[in-house]
Amino acid sequence: MRKSLLVVALVAGWFVAGAMPAGAADANWSGDYSLKRFAATKTGTSLAASQWEPDFLDTYTFETDCSGGVCVATVVGGPAPANPTLPQPAQYTWDGTSWVHPYDWEWDCYQGEGVPKVWAPAHSDAYYTPQPDGSLKGSWHTDIKSGPCEGSVIMHIEAYPVGRSTGSFGS
């Protein structure tokens with residue numbers, strides 16, 4: 001009898017696992033997270049990549065939904081972006097390894113104090129990969145398609161759950 005129950009439990013487990021999206025067991029980005037973008041150490045071919053700016057940190061609330069067959073983590077709380085062309089709400093799709101957020105927007109190219117910014121089409125891909133300590137680490141790659149800032153900007157990014165000690169951010 002015990003063996004029969006074990007077999008039934010294993011078979012049921014296989015069916016449930018087979019019904020879940022690939023990697024769904026690892027696909028949960030829910031709760032409050034501090035996201036840091038390491039702008040002070042960005043790289044790339046764009047004029048913007050060589051312009052100094054400080055690292056920036058904001059706290060966002062994420063909710064994950066896997067009911068549609070694909071796991072999607074949506075930002076449901078946090079500060080509004082300074083750039084009005086960023087798609088809202090931000091959504092990250094689980095690809096089996098990382099949370100991926102591809103989006104098109106307008107880069108606002110800074111050219112110095114008192115000089116109007118030049119807006120240009122851009123495409124970004126942000127990747128956050130879960131780490132064993134509960135943090136997520138990755139990169140944000142933007143291709144600016146025209147204008148004085150045309151080229152690429154690449155920035156290291158990290159996310160840490162709020163309220164859990166997982167280490168400190170550093171550039």
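# Exercises: barrel strands and salt bridges

In this predicted model, K137 has its bridge partner E158 in β8.

**Exercise 1. Find which strands K137 and E158 help to join, and how many bridges link them.**

Step 1. Start from the pair itself: K137 is bridged to E158, and E158 is in β8.
Step 2. Place both residues by number. Strand β7 covers residues 136-144, and strand β8 covers residues 151-161.
Step 3. Count the links. Nine bridges join β7 to β8.
Step 4. Read the direction. The two strands run antiparallel.

**Exercise 2. Work out what the strands build together, and in what order.**

Step 1. Eight strands take part, and they close into a barrel.
Step 2. The order is β1-β2-β3-β4-β5-β6-β7-β8, with antiparallel pairing.
Step 3. Add the twist. From one strand to the next, it averages 30°.

**Exercise 3. State how many salt bridges the whole structure holds, then analyse the one between D58 and R37.**

Step 1. The search finds four salt bridges.
Step 2. Check the distance for D58 and R37. Their closest N and O atoms are 3.2 Å apart, and the cut-off is 4 Å.
Step 3. Locate the partners. D58 sits in strand β2 (residues 56-65), while R37 belongs to strand β1 (residues 31-37). The pair therefore ties together parts that are 21 residues apart in sequence.
Step 4. Classify each residue. R37 has 12% relative accessibility, so it counts as buried; buried means under 20%. D58, at 26%, counts as partly exposed.

**Exercise 4. Decide which parts of the chain the salt bridge between E53 and K42 ties together, and whether each residue is buried or partly exposed.**

Step 1. Confirm the contact. The side chains of E53 and K42 meet at 3.1 Å, N to O.
Step 2. Locate the partners. E53 lies in the loop between α2 (47-50) and β2. K42 lies in the loop between β1 and α2. The pair thus links parts that are 11 residues apart in sequence.
Step 3. Classify K42. Its relative accessible area is 8%, so K42 is buried.
Step 4. Classify E53. Its relative accessibility is 30%, so E53 counts as partly exposed.

**Exercise 5. Classify both partners of the salt bridge between K117 and D108 as buried, partly exposed or exposed.**

Step 1. Confirm the contact. The side chains of K117 and D108 meet at 3.1 Å, N to O.
Step 2. Recall the limits. Buried is under 20%, exposed is over 50%, and partly exposed is in between.
Step 3. Apply them to K117. At 42% relative accessibility, K117 is partly exposed.
Step 4. Apply them to D108. With a relative accessible area of 22%, D108 is partly exposed.

Definitions and conventions. Residues are numbered from 1 along each chain as its sequence is written. This is a predicted model: local features need pLDDT of at least 70, side-chain atom pairs count only at pLDDT 80 or more; totals for chains, interfaces and linings use all residues. Side-chain values use heavy atoms; hydrogens and water are left out. Two strands pair if DSSP finds at least two bridges between them. Helices (H or I, at least four residues) and strands (E, at least two) are DSSP runs, numbered from the N terminus. Axes are lines fitted to C-alpha atoms, for helices over the stretch in contact, and angles run from 0 to 180 degrees between N-to-C directions. Buried means under 20% relative accessible area, exposed over 50%, partly exposed in between (1.4 Å probe, protein chains only).
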